[in-house]
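Work through the exercises below with the sequence and the coordinates open. Each task is followed by its solution.

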Amino acid sequence: MQIPTLSIDRIRTGLLAREFSAVELATEALRFAAAENPKTNAYLRLSEERALDQAKRVDAALARGEDPGPLAGVPVAVKDVIVTRGVVTTCGSRLLANYVPPYDATAIVKLEAAGGVILGKTNCDEFAMGSSNENSAFGPVRNPAALDRVPGGSSGGSAAVVAQGTAVVSLGSDTGGSVRQPAAFCGVVGVTPTYGRVSRYGLTAYASSLDHVGPFARTVKDAAALLGVIAGHDPCDSTSAAAPVPDYAAQLDANVKGLKLGLPREYLKDLTGESLQLLLRAIEVLKGLGCEVREISLPATDSAIACYYIIATAEASSNLARYDGVRYTARAAGAGTLAAMYQETRGEGFGAECKRRIMLGTYVLSAGYYDAYYLKAQKVRTLIARDFANAFEHVDAIVAPVSPFPAFKLGEKVDDPLAMYLSDIYTITGSLAGIPCMSVPCGQTADGLPVGMQVLTRHFDEATMLKLADAYEQAH
Ligand code: GLN
């Protein structure tokens, strides 16, 4: 059984034909993951017991002649910011090194109800803050495509396991690009659904107005199938949308003829080298499929980085206040007063990037600066969303780069936070607007580094986005 070549369909066929059982598949997937993981450090832990229990349930359902669900037996990895009952969930932080959640995130409940088998939890930047996975308290992840390079972040582990073949699909989270950028760096598909499409219940909060749960897969079809399972309204998340969920995987009919695509001028003006060449080549493929491509303008793009790093840090400073040594976390020993206990717990527990963001966020929310920074950033966010709304009056989808460059070397940007922040330039706009966006592989540089193409569509129109990406993937 070759785990790296398996697809959701192949697993279903194999199970139904009794070629292998779910327990056999899970056992082999766990063995392979344990053997391969030292190369990348992508998994923080494997959840063997939970995986095998679930596989037994799938086999029992099959034995009874029941439909075991659309993800039956599929080995899935989960980013360690998504809580799993009874399985340590660290958020990549020393503070939560021993935290065992008492409940499952909604996405996890749905995944298992559909027959998915959770193999383990994946490494990530601390509290999902970062673009390279180097902010994890448990060491960086290496990119399977080039082991001296970063896998992207913050969902670096979830992208790497799918690229490495130690999971068939995985879940990540995206606040400003953390699914799309690592997907592009590792050469896999990554989908950020519309804000509210997938419940955030049980996704550890970083910046609540921007946080999304999103799937990784080796093909658009598998990503579509996983999204279909985790999407839908959830009374446990007040921002979850009641919009009906189409059968995404069934709608991938490759018919994209006549679709109008926009190419944002502002995204191409600074793009250079092979990242530009590969994107232009992908656009030629889309034209060959009958899509009409035109240039569009998203004028507020230049303000997006500043806007994002004000809003995201403001929300983060508030969300991270809960890690105080009283709840969830370990407590610093020996502090004499309550205030000292807070300070020492947080001082020892948080890594440098979290501290930087707590300080930035507290600053932009403080009296006297609130109007100048936070309020202004909220207004800019509206302009960014309006740019997209205007564009979607003329086009059905937007095609764009994911990152200004392919995967960079480990250590290359760690001492320059601003350079790190600038790598999010093409992904944070879609997050701020709350629209669906995804990355689909569009080739490799001469050095073998994967590059991704980004596709963005109207709110709740994941179907068009996935259809376009699938048609491209088939033709490419
Ligand atoms: N790189 C961005 C940040 O550091 C995005 C992270 C994310 O999407 N979680 O905030």
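**Exercise 1.** How many nonpolar, polar and charged residues does the shell around the ligand have?

*Solution.* The model is a predicted one, in which local features need pLDDT of at least 70, side-chain atom pairs count only at pLDDT 80 or more, and totals for chains, interfaces and linings use all residues. Residues are numbered from 1 along each chain as its sequence is written, and side-chain values use heavy atoms, with hydrogens and water left out.

Step 1: collect the residues near the ligand (one heavy atom within 4 Å of it). There are 15 of them, and the closest are T175, G176, S178, Y206 and Y308.

Step 2: sort by class. Ala, Val, Leu, Ile, Met, Phe, Trp, Tyr, Cys and Pro count as nonpolar, Asp, Glu, Lys and Arg as charged, and the others, Gly among them, as polar. The shell has five nonpolar, seven polar and three charged residues.

**Exercise 2.** Find polar contacts of the ligand (pairs of N or O atoms within 3.5 Å) with G130, S131 and S154, and state how much of the ligand is covered.

*Solution.* Step 1: a ligand oxygen lies 2.9 Å from a polar backbone atom of G130.

Step 2: for side chains, a ligand nitrogen is 2.8 Å from an N or O atom of S131, and a ligand nitrogen is 3.4 Å from an N or O atom of S154.

Step 3: on its own the ligand has 290 Å² of accessible area (Shrake-Rupley method, 1.4 Å probe), and the protein covers 100% of that area.

**Exercise 3.** Describe the backbone at S154 and A128.

*Solution.* Step 1: the peptide bond between G153 and S154 is cis, with omega about 5°. S154 is in the loop between β3 (117–122) and α5 (156–164).

Step 2: A128 is found in the loop between β3 and α5. Its phi is near 65°, a positive value in a residue other than glycine.

**Exercise 4.** Which parts does the salt bridge between R50 and E112 tie together?

*Solution.* Step 1: the whole structure has 23 salt bridges (a side-chain nitrogen of Lys or Arg within 4 Å of a carboxyl oxygen of Asp or Glu).

Step 2: in one of them, R50 and E112 meet at 3.0 Å, N to O. R50 belongs to helix α3 (residues 48–63) and E112 to helix α4 (residues 106–113), so the pair ties together parts 62 residues apart in sequence. Helices here are DSSP runs (H or I, at least four residues) and strands likewise (E, at least two), numbered from the N terminus.

Key: Polar contact = N/O pair within 3.5 Å; in protein donor to acceptor, adjacent residues only side chain to side chain.
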